[in-house]
Amino acid sequence: MSDNDTAFMARALALARRAAGRTSPNPLVGAVVVKDGRVVGEGYHQKAGTPHAEVHALAAAGTGARGATLYVTLEPCSHHGRTPPCTEAILAAGVRRVVAAVQDPNPRVAGRGFERLREAGVEVTAGVLEEEARRLNEAFFVYVTAGRPFVAMKTAMTLDGKIATACGESRWISGEASRALAHRLRSELDAVMVGIGTALADDPQLTARPPGTASRDPVRIVVDSALRLPPDARLLQLDSPAPTWVATTERAPAERRRALEAAGAEVLVLPERDGRVDLAALMAELGRREVTSVLLEGGATLNAAALAAGVVDKVLCFVAPKVVGGAAAPGPVGGPGVERLAGAWRVERLAAEAVGEDILLTGYLPAAARIIYGVPAGPPGPVG
């Protein structure tokens with residue numbers, strides 16, 4: 001791997017990030033065509049069903065692609081999906097060398113693209129800025145491997161671990177910069193999910209409003225086992241193209257279901273587990289609906305249930321420089337908790353960064369860390 005390879009791949013990764021939140025259920029992919037040390041074409045995948053990054057880059061390069069090197073952040077596809085295989089476009093363009101950041105985890109691709117190119121005489125180099133490429137598509141890696149959405153659990157707490165005061169006040173624990181980042185996360189992930197306790201206490205909109213940038217609203221999901229969400233809740237009064245889904249159980253009253261549906265919600269009736277919505281079943285249903293990522297915004301009861309169900313993949317914890325105290329003030333994870341430290345949920349690859357006056361801690365649950373950073377893929381997911 002040369003310094004040039006690293007620099008051009010970094011450019012391809014930057015291009016891929018431009019479409020954050022807009023390619024689902026496909027991954028983020030960027031591509032750069034280089035000839036004689038000069039960029040002659042570049043592009044990125046913009047939306048599922050439209051041309052892939054390689055096709056955009058090759059079209060921009062035109063005849064300059066012949067004998068050139070193509071840098072791409074994910075292994076080129078070799079199958080017919082929503083669009084034709086990129087390997088054939090690469091071969092038709094006369095590219096001499098392909099440099100890829102990482103192999104595609106989808107079993108429909110998983111090495112076959114590299115194999116097709118090598119069989120046709122194209123030099124293939126893989127693994128350039130691989131960790132960065134894996135992190136870029138962490139949601140895609142989990143989705144195609146586990147068959148359910150990637151779930152990022154976001155919390156905001158004080159230095160003493162409180163998400164609200166003893167009397168329930170929580171606005172605002174985190175600072176303005178942290179709230180802006182949270183809105184950007186909403187615009188980049190497919191869905192945002194809260195429990196009915198949060199929905200009743202805060203009456204949130206659950207829209208994406210990052211300052212200074214265009215955004216898209218996520219699907220809004222409320223986990224509400226008994227359908228206590230009122231039909232006049234703010235998230236049901238929005239002028240937004242994104243739908244609102246309410247996940248409930250068979251025991252929810254039929255008249256409440258009809259009222260919510262009349263207000264514009266789609267009610268998802270799911271199996272129960274311990275008297276509540278079975279979150280594993282809910283995630284499986286979201287996977288079937290091609291929801292590839294969920295931002296879990298709790299609160300404490302839903303966070304605890306999601307951890308117990310084994311569906312949390314990443315933790316994002318904003319820690320504000322405040323202390324509120326109070327034995328009755330809640331923490332970010334409720335429920336019964338674990339009885340012994342040996343049973344505590346471990347978080348791996350922990351990282352910290354300053355966000356305004358706050359500190360953002362991020363890390364992965366072990367199963368997700370293994371999937372994202374190097375475990376072979378499982379059942380195939382839709383790609384194309």
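**Strands, loops and local geometry of the predicted model**

Gly299 is found in the loop that runs between S13 and helix H11 (300-309). In this predicted model, the peptide bond leading from Gly298 to Gly299 is cis, and its omega is near 15°. A cis peptide bond also joins Arg171 and Trp172, here with omega at about -5°. Trp172 belongs to the loop between S6 and helix H7 (176-188). Most peptide bonds are trans, and most residues other than glycine have a negative phi.

Positive phi values occur at Asp36 and Leu206. For Asp36, which is not a glycine, phi is near 55°. Asp36 sits in the loop between strand S1 (30-35) and strand S2 (38-44), and its relative accessible area of 79% makes this residue exposed. Leu206 is likewise not a glycine, and its phi is positive at about 60°. The loop that holds Leu206 connects helix H8 (196-202) and strand S8 (219-223). With a relative accessible area of 2%, Leu206 is buried.

Strand S13 covers residues 293-296; Ser293 and Leu295 point to one side of the strand, Val294 and Leu296 point to the other, and all are buried. S13 pairs with S6 in the parallel sense over 4 bridges, and within this pairing Phe150 has Ser293 of S13 as its bridge partner. S13 also pairs with strand S7 (residues 191-195), again in the parallel sense, over 3 bridges. In S13, the residue opposite Val192 is Leu295.

Strand S6 (residues 150-158) has a further parallel pairing, with S14, over 7 bridges. Met153 is placed opposite Val315 of S14. S14 is in turn paired with strand S16 (residues 358-364), in the antiparallel sense and over 6 bridges. In that pairing, Lys314 stands opposite Tyr364 of S16. S6 is thus paired in the parallel sense with S13 and with S14, whereas the pairing of S14 with S16 is antiparallel.

Strand S14 (residues 314-320) is largely enclosed by the rest of the structure, because 7 of its 7 residues are buried. Lys314, Leu316, Phe318 and Ala320 point one way from the strand, while Val315, Cys317 and Val319 point the other way, and all of these residues are buried. For Cys317, the relative accessible area is 8%, under the 20% limit for a buried residue.

The loop that links S14 to strand S15 (348-355) contains Val333. Val333 has a relative accessibility of 37% and therefore counts as partly exposed. Together with Val338 and Trp345, Val333 forms a nonpolar patch on the surface, and the accessible area of the three residues together is about 240 Å².

A disulfide is a covalent bond between the sulfur atoms of two cysteines. The structure holds 0 disulfides. Cys77 takes part in none, and the nearest cysteine sulfur, which belongs to Cys86, is 3.7 Å away. This distance lies outside the 2.5 Å within which two cysteine sulfur atoms count as a disulfide. Cys77 is buried, its relative accessible area being 6%.

Ser78 is located in the loop between S3 and helix H3 (86-93). Its relative accessibility of 25% places Ser78 among the partly exposed residues. Ser78 and Pro330 are 252 residues apart along the chain, and their C-alpha atoms are separated by 51 Å.

The structure holds 2 aromatic pairs. Phe8 and Tyr71 form a tilted pair, with 5.3 Å from centre to centre and 45° between the planes. This pair links distant parts of the chain, since Phe8 lies in helix H1 (residues 3-17) and Tyr71 in strand S3 (residues 69-72), 63 residues apart. Phe8 has a relative accessible area of 14% and is buried; Tyr71, at 4% relative accessibility, also counts as buried. Tyr364 and Tyr373 form an edge-to-face pair, at 5.6 Å centre to centre and with 80° between the planes. Both Tyr364 and Tyr373 are buried. Tyr364 is also the residue of S16 that stands opposite Lys314.

Notes
Residues are numbered from 1 along each chain as its sequence is written. This is a predicted model: local features need pLDDT of at least 70, side-chain atom pairs count only at pLDDT 80 or more; totals for chains, interfaces and linings use all residues. Side-chain values use heavy atoms; hydrogens and water are left out. Buried means under 20% relative accessible area, exposed over 50%, partly exposed in between (1.4 Å probe, protein chains only). Helices (H or I, at least four residues) and strands (E, at least two) are DSSP runs, numbered from the N terminus. Two strands pair if DSSP finds at least two bridges between them. Patches are made of residues with over 30% relative accessible area and no salt bridge: like charges are joined within 9 Å, nonpolar side chains (Val, Leu, Ile, Met, Phe, Trp, Tyr) within 5 Å. Accessible areas come from the Shrake-Rupley method with a 1.4 Å probe; for residues, only the protein chains shown count as cover. A salt bridge is a side-chain nitrogen of Lys or Arg within 4 Å of a carboxyl oxygen of Asp or Glu. Rings of Phe, Tyr and Trp (its six-membered ring) pair if their centres lie within 6.5 Å; planes under 30 degrees apart count as stacked, over 60 as edge-to-face and the rest as tilted.
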